[in-house]
Amino acid sequence: TDMLAEERRRKDALEEALAIAREASQAKSEFLSTMSHDIRTPMNAIVGMTAIAASHMEDHDRVRECLRKINLSSQHLLSLINDILDMSKIESGKISLREEPFNFADLVAEVTELIRPEADADHLRMDISLLELKDEMVIGDPLRIRQICFNILSNAVKYTMEGGRITVNVYQKNSENYLFECMESGMGMSPEFLDKLFLPFERVQDSTHSKATGTGLGMAITKNIVDMMSGNIQVKSELGKGSTFTVTLPLRLQNAPQEEIPGEWLGIHCLITDD
């Protein structure tokens, strides 16, 4: 009886592993299919605008507009490639974190201004408040923290309908915790998608978000970076009622006494919710 029970457990474990492997394989196949389309889109724009510019060299205004569109398409293509490379580095353990001083308020402001043109293009109202931040100077990896904030804010813009609103507030909750709050009038996520939010190659697939492009790696990369920093990321969401992202990261204060440095934490709270 014990041998039969053990054999049954092994069989169940093998069947579960096979199901997981098939699901992962299907997800990667769908990802490659989607990526082939997403990569062709900016590439076609680059090729087309280059041909138009070459045939209208005397029309400076038209050439300038073609160059602008080529630049935008190139940046989009580069972001797709960078996501794939970052995920590959994470899976192979080749990403390392830096420790350097930076101004947290300036970092958030820079990321917000980087996102703002995209928000303006979609006629989104975007406000930012940094007035209640007491200690701005911290130590950590500004490049990766900027990437975390950028991924969250870019998703806020991507999944907020035209005419919506995004509000970013950064303030210090206490001597050891900071709050990064991002509120937007988004659509929220279904429980089914929430279960797969941080998995690689996953992206919302429905009529509302069908025009949203990307690798589907942004949240997976964000989660891995947060984990590498010994931080934590949580999300609550409901369709039609928005989402709440909470990211907590351990960072040192630059002016902290040496013996207190290991206990310093920086909490980043990102709230995404409908008005």
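Q: Thr112: buried or exposed?
A: Buried. The relative accessible area of Thr112 is 0%, and the cut-off for buried is under 20%. Keep in mind that this is a predicted model.

Q: Where does Thr112 lie?
A: In helix α3.

Q: Which residues does Thr112 touch, not counting residues up to four places away in sequence?
A: Skipping the sequence neighbours shows what the chain brings in from elsewhere. For Thr112 these contacts are Met126, Ile128 and Leu153.

Q: What lies 2.8 Å from a polar atom of the side chain of Thr112?
A: A backbone atom. The oxygen of Val108 is 2.8 Å from a polar side-chain atom of Thr112. So Thr112, at 0% relative accessible area, is buried, and its side chain has a backbone oxygen as a polar neighbour.

Q: How many residues has the largest nonpolar core?
A: To read a core, take its size, then its best-connected members. The largest nonpolar core here has 44 residues. Phe104, Ile145, Ile166 and Phe180 have the most contacts inside it.

Q: Which elements give two or more residues to this core?
A: Helices and strands both do. The helices are α2 (60–92), α3 (104–121), α4 (142–158) and α6 (218–228). The strands are β4 (165–174), β5 (177–184) and β7 (242–249).

Q: Which residues is Ile166 in contact with, leaving aside its neighbours within four places in sequence?
A: One group is Leu124, Arg125, Met126 and Asp127. Another is Ala156, Val157 and Thr160. Cys182, Met183 and Glu184 complete the list for Ile166.

Q: How many residues has the other core, which lies apart?
A: Seven, including Met49, Cys66, Ile70 and Leu77.

Q: In what order do the three strands of the open sheet stand?
A: Read a sheet by its order and its sense. The order here is β1-β3-β8, and the pairing is antiparallel.

Q: Which strands stand at the edges?
A: β1 (100–103) and β8 (252–253). Each has a single partner strand, so one side of each has no neighbour in the sheet.

Q: Over how many bridges do β3 and β8 pair?
A: Two, in the antiparallel sense, with β3 spanning residues 137–140. As a worked case, Val138 has Leu253 of β8 as its bridge partner.

Q: What lies across β1 and β3?
A: Helix α3, running at about 65° to β1. This is the helix that holds Thr112.

Q: How many salt bridges does the count come to?
A: The count is 13. For each one, check the distance, the spacing in sequence and the exposure.

Q: How far apart are N and O in the salt bridge of Asp61 and Arg64?
A: The distance is 2.9 Å. Asp61 and Arg64 both sit in α2, three residues apart, about one turn of the helix. Asp61 counts as exposed at 56% relative accessibility. Arg64 is exposed too, with a relative accessible area of 51%.

Q: Which residue forms a salt bridge with Lys69?
A: Glu65, with the closest N and O atoms 4.0 Å apart. The cut-off is 4 Å. The two are four residues apart in helix α2, so about one helical turn separates Lys69 from Glu65. Both count as partly exposed: Lys69 at 35% relative accessibility, Glu65 at 32%.

Q: Which helix holds Asp227 and Lys223?
A: Helix α6. Asp227 and Lys223 are four residues apart there, so they are separated by about one helical turn. Their side chains meet in a salt bridge of 2.8 Å, N to O. Asp227 is partly exposed at 39%, and Lys223 counts as partly exposed at 24%.

Q: Which residues do salt bridges that share partners join into one network?
A: Glu6, Arg9 and Arg10.

Q: What is phi of His123?
A: Check the sign of phi, then whether the residue is glycine. Phi of His123 is near 60°, a positive value in a residue other than glycine. His123 sits in the loop between α3 and β2 (125–132). With a relative accessible area of 52%, His123 is exposed.

Q: Where does Ser230 lie?
A: In the loop between α6 and β6 (232–237). Phi of Ser230 is also positive, near 60°, and Ser230 is not glycine. Ser230 counts as exposed at 53% relative accessibility.

Notes. Residues are numbered from 1 along each chain as its sequence is written. This is a predicted model: local features need pLDDT of at least 70, side-chain atom pairs count only at pLDDT 80 or more; totals for chains, interfaces and linings use all residues. Side-chain values use heavy atoms; hydrogens and water are left out. A nonpolar core is a set of buried Ala, Val, Leu, Ile, Met, Phe, Trp, Tyr and Cys residues joined through side-chain atoms within 4.5 Å. Buried means under 20% relative accessible area, exposed over 50%, partly exposed in between (1.4 Å probe, protein chains only). Contact means heavy atoms within 4.5 Å. A polar contact is a pair of N or O atoms within 3.5 Å; within protein, one must be able to donate a hydrogen and the other to accept it, and residues adjacent in sequence count only if both atoms are side-chain atoms. Two strands pair if DSSP finds at least two bridges between them. Axes are lines fitted to C-alpha atoms, for helices over the stretch in contact, and angles run from 0 to 180 degrees between N-to-C directions.
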